[in-house]
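I opened a fresh page to look through this structure with you. Here is what I am working from.

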Amino acid sequence: VDARTIMTAMTLNNLARGTLVAAEILDSKMDQYLKIANVNEIIYTQEYNRLILGNAAGGTGVANILYDLMDPSTPTVLTTRPIEDHDIAIPYGEFKSRFEQKNPKSVVIGVLENTGNQNSIKELALKQAQREPNIQKMVTNLKAVKEIRCNFPVFNPSMEYKIPEGAMVIVVETRSLAS
């Protein structure tokens, strides 16, 4: 099953470069091949099951909380929202206050860094790294491009943490359901 998933992901990457791809994998050891195929969202089915069971054993109601946050039929969901350009580079504490005041049915719980397609993110980072006039800094910046983790969640950062470019806000949001 994982081999078919990997082959499909590689085919999608070759046919539609830049398309956001999500894939489910049973054996987490096979994820390296999905990363090579530039899969943006890898869903580790067995690993998630283990984590939910472990968390459920360690805390009362954790499994129910996770289920309700992921269930599309409940009014409260865990989701991401875009960050406006004028909020880039401001401190997290200021951003959180502003966002929650503007969106009273949302609670900000973190920031998702480097969102979107891996190829686009790395191309943008390469262009920015090459703009550096100092050769030593440019080489350091180019090395840092290799270390970029796409769709990297930062939960509850310090209030001084600066909102990076290409990020989204992670929120728990209450929405109206159509009756």
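I began with the vocabulary: helices (H or I, at least four residues) and strands (E, at least two) are DSSP runs, numbered from the N terminus. I note that this is a predicted model, where local features need pLDDT of at least 70 and side-chain atom pairs count only at pLDDT 80 or more, while totals for chains, interfaces and linings use all residues. Residues are numbered from 1 along each chain as its sequence is written, and side-chain values use heavy atoms, leaving out hydrogens and water.

**Entry one: A16.** I found A16 in the loop between α1 (2–15) and β1 (22–25). Is A16 buried or exposed? Its relative accessibility is 28%, so I wrote down "partly exposed" (buried is under 20% relative accessible area, exposed over 50%, partly exposed in between, with a 1.4 Å probe and protein chains only).

**Entry two: the sheet.** I traced an open sheet of four strands in the order β3-β6-β4-β5, with antiparallel pairing (two strands pair if DSSP finds at least two bridges between them). β3 (76–82) and β5 (152–155) stand at the edges with a single partner strand each, so one side of each has no neighbour in the sheet. I then looked up β4 (residues 106–113), which pairs with β5 over four bridges in the antiparallel sense. For L112, the bridge partner in β5 is P153.

**Entry three: contacts of I163.** Which residues does I163 touch, leaving aside its neighbours within four places in sequence? I listed I83, D87, I88, A89, I90, Y92, F95 and V111 (contact means heavy atoms within 4.5 Å).
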